Structures are given as structure tokens and as C-alpha cells.
Amino acid sequence: MYDCIIIGAGPAGMMAATAAADAGKSVLIIEKNKMAGRKLRITGKGRCNVTNAADVDTLMRSINENGRFLYSALNRFDSSDTVTFFENMGVALKTERGGRVFPQSDKAADIAEAMYRRALDGGCTFVNGEAADVLTENGSACGVRLKSGKEILSSSVIIATGGLSYPLTGSTGDGYRMAKSLGHSITPTRGALVPIETRESWPEQLQGLSLKNVKLTLKCEGKTLFCDQGEMLFTHFGISGPLCLSASCHVKDPEKDYKIEIDLKPALDEPTLDSRLLKDFTKYINKDYINALDDLLPSKLIPVFVSLSGIDPRRKVNEITKQERRSIALLLKNMQLSVKALRPVDEAIITAGGINVKEINPSTMESKIVPGLFFAGEVIDVSAYTGGYNLQIAFSTGYLAGTCC
Ligand SMILES: Cc1cc2nc3c(=O)[nH]c(=O)nc-3n(C[C@H](O)[C@H](O)[C@H](O)COP(=O)(O)OP(=O)(O)OC[C@H]3O[C@@H](n4cnc5c(N)ncnc54)[C@H](O)[C@@H]3O)c2cc1C
């Protein structure tokens, strides 16, 4: 008999375990992988963007699904608490561009190991097993049944099983099924922060090319859904990289026609860009058009750009008309793509949708339907952009659930 059983030893579950143990509770964590924090170990391309050094208001603005629900959790345990938590364990951190916080070692495994050790040192017990159901008595949570049939009793249960993305890490949606069988509703799930397949095939020719400091706008039926500046990547199926992953969060209806506009020169307005082109074309006056763009664009992009401009690559620069030059400037400011589909949820960084937040008390993370049942992390219907925000959500909700269970 434990005070609290936590299902899932990801960042949310391990933070909940530590918080519960620090509050004097006996804690058991059930994890179906042999190793704790398997997904955590591959985050941030193996470097783990552990949080974002932003205040709560900025954190809230970076959450695109149910940010208001997280207000209490983020206020109880914010990004400075995350930094203190890891630094107290001797994990040195550093802050990079955009407030992104990483371990100084650049090793995500250091974060996962520190969380595991901290939970163990706090007195938590880890067990390797797969939870099948949450047990209830008189409508309240009272333990967990393992897949093996074994039943373990407790005063409270925290479901921290994550979402559906990267299922090989253990996140296979078990928490949704458990919560549903106890009367919870699940907001339909879909991959978010996921690469985008485009109808156009030209991105394939640019496979591997990463563009920094470009502006990406996502539109649907003339309405701007997302617009930001940063980095993007071309792939064999379309586009990826931080900007595209963030934009993907707004592609919610596969029936709709979504358009993407890429501004390759966001720092220059059209007249300034036209003057810049004029300067370059004067410099390369006797060259072919295709050989006159080296100062403006990465070499891999030039043939594709020239083809999209519709101007003969072998035209001499001195033959290009003023109107054609304007159309080149326009294309630099607005290269267009259309969304064919999102890549499958397996390839998504996070899962949007999940346990309906209306059925969870935001001040405690306790279920409003089943007393003694709590939720933490990605299993809840909350999601944020890239930048360390999703791990902060796992830590904040985990801390609150662990403190209140
Ligand atoms: C490639 C990649 C890179 C990422 N990089 C970043 C980043 O740099 N910064 C950031 O903020 N976010 C990042 N994320 C998102 C972040 O990893 C997740 O939001 C976060 O891990 C969610 O934490 P969680 O504890 O809720 O779930 P998870 O980390 O998914 O952990 C859930 C755990 O529960 C276990 N489990 C599931 N079902 C059962 C069951 N029935 N019984 C027992 N155990 C079970 C699983 O095995 C798993 O260990 C990244 C995600 C991916 C896929």
C-alpha cells in the first residue's frame, strides 16, 4: 500500500514522484521501459532543451492549446524553479538564443539521470511493469492493476503516460484508454510540432538545406494563422525545422487549404530589396541571370529559385527588365508552398489533444470525475511550441500533481 502510485517515469512522472516524496508520501513509479525517461534522453536532438528562461506570461503565450488551464501549475513551478531544481542536483545549465535552456554538457541523458537519481534519493520506488488499469473503490482511485494481473493499492494515482508520438519510447496512448474507461473524455489527438508534406515537389531538390532568419507565414482561406521568423529545413517530403514544426500546430483540419509563404529576406522591404537587386545586377551585368544571385541566396537554392521565377536562367542580367526584377524581389519576399498533409503522429514531437482539461482541477491536477486520480504531462490536452515549453509543462503539472496527491 503506497500513498501514491505514478504511472510513467517520463519527466512529468519523475517530477511528480519527487514532489510527492518530498511532501512525505510513500511513492511507487511504474514504468514499462527498463530505463526511466527514454523520450527525455532524445529531446533537443540529444541535448534536451529543458525549459525556457521566460516569465510566466511569456510561457503562457507560447502555449497554443489550453494555456489558461496551466496558469496555476506554471505559477507554482515556473522555469526558474526548473533551473534551480537541476542546478541543486549539480547539473550546470546554459541559456541560448530565444531563452532556450540546455545542460552545459549538451547531454539530455544528464537531465534524465539526474531526475531518476533525485527520485530514488527522495525515497521513491521504481518498478518495471506495464500498468493496465486504475483501480477504484466507491468511485475513488485506490491503486493500479498491472498487465500481469498483479494489483498494487494506493491512496492516489497519477497518470503520467505521455502522448502518442515516438511510440518506441513507450508513449503509446495507454493513459487515454485508462482515463476513458473511468469516464473521462479525450479531446481528439493528433500530431503537433510535426514536419509538413507539401504538394510541390521542389523542396525535395533542396533536401538538407536549412535556412536561418527567414519569415514563415501560414494562411488558411486568406486568414493568417501563424507568422514567425527563424529557422526552417527542406526535406524529401516538404519542410521541417523549428518554424515549420510550430506552424504545424495550426494545421488542424485536413479538408482545408493551407498555404505557406516564405520570406527569404524579412529584414528588407520590397523597395530596399529591389535596390539591392539593382546593385547586384550592376555588379554582374554581363553574367547569366543564374550566376548573378550568389550574394543573395545559398547556392543550393539558386536553381530552384530561378526556375520558380520563370525567367530563363541563361538570360543576360543586362536584359532583365525592371518589371522582371520587381517580380524577383516579390518572389524573394513570398515563396509559396501548399500543405498536402502533416507527417504521422509517430514523427511528431508532441501530441495535441488528450484528457479534456474541463475535467481536471487546474489548481491540483486532480480529476473532477474520480477523486484521488491525478494527471501530469503530455497526456493532458495541452501543447506548446518548441523552445523548452513542453518539458516545462511536464515539470509544472508533475510538480503540482505530486504536491497535491
Ligand atoms: C524527438 C523529440 C524531441 C523533443 N525535444 C524537446 C525539447 O528539447 N524540449 C521540450 O520542451 N520538449 C521536447 N520534446 C517533447 C517532450 O519530450 C515531451 O513533451 C515530454 O517528454 C512529455 O513528458 P511526459 O512525462 O508527459 O511523457 P513521456 O516523456 O512520454 O513519458 C511517459 C512515460 O510513461 C511510460 N508509460 C506509458 N504507458 C505506460 C504504462 N501503461 N505503464 C507504465 N509506463 C507507461 C512511457 O514508457 C514513458 O516513459 C521532444 C519530443 C520528442 C519526441
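This report describes a small set of paired strands and the surroundings of the ligand in a predicted model.

## The open sheet

Strands of a sheet pair through backbone hydrogen bonds, and the pairing can be either parallel or antiparallel. In this model, 3 strands form an open sheet in the order 3-6-5, and their pairing is antiparallel. The edges of this sheet are strand 3, which covers residues 51–52, and strand 5, which covers residues 93–95, and each of these edge strands pairs on one side only.

Strand 5 and strand 6, the latter made of residues 100–103, are joined in the antiparallel sense over 3 bridges. Leu93 stands opposite Pro103, a residue of strand 6.

## The shell around the ligand

The ligand is surrounded by 35 residues, and the closest of these are Glu31, Ser171, Asp174, Glu378 and Leu391. Sorted by class, the shell holds 14 nonpolar, 15 polar and 6 charged residues.

Several elements each supply at least two residues of this shell, namely helix 1 (11–22), strand 2 (27–31), helix 6 (174–181) and helix 12 (389–404). Helix 12 gives the most, with 4 residues.

## Polar contacts and burial

Both backbone and side-chain atoms of the protein take part in contacts with the ligand. A polar backbone atom of Ala12 is 3.0 Å from an oxygen atom of the ligand, while a backbone N or O atom of Asn49 lies 2.9 Å from a nitrogen atom of the ligand. From Glu378, a polar side-chain atom lies 2.7 Å from a ligand oxygen atom. Taken alone, the ligand exposes 1000 Å², and the protein buries 95% of that area.

Definitions and conventions. Residues are numbered from 1 along each chain as its sequence is written. This is a predicted model: local features need pLDDT of at least 70, side-chain atom pairs count only at pLDDT 80 or more; totals for chains, interfaces and linings use all residues. Side-chain values use heavy atoms; hydrogens and water are left out. Two strands pair if DSSP finds at least two bridges between them. A residue is near a molecule or strand if one of its heavy atoms lies within 4 Å of it. A polar contact is a pair of N or O atoms within 3.5 Å; within protein, one must be able to donate a hydrogen and the other to accept it, and residues adjacent in sequence count only if both atoms are side-chain atoms. Accessible areas come from the Shrake-Rupley method with a 1.4 Å probe; for residues, only the protein chains shown count as cover. Ala, Val, Leu, Ile, Met, Phe, Trp, Tyr, Cys and Pro count as nonpolar, Asp, Glu, Lys and Arg as charged, and the others, Gly among them, as polar.
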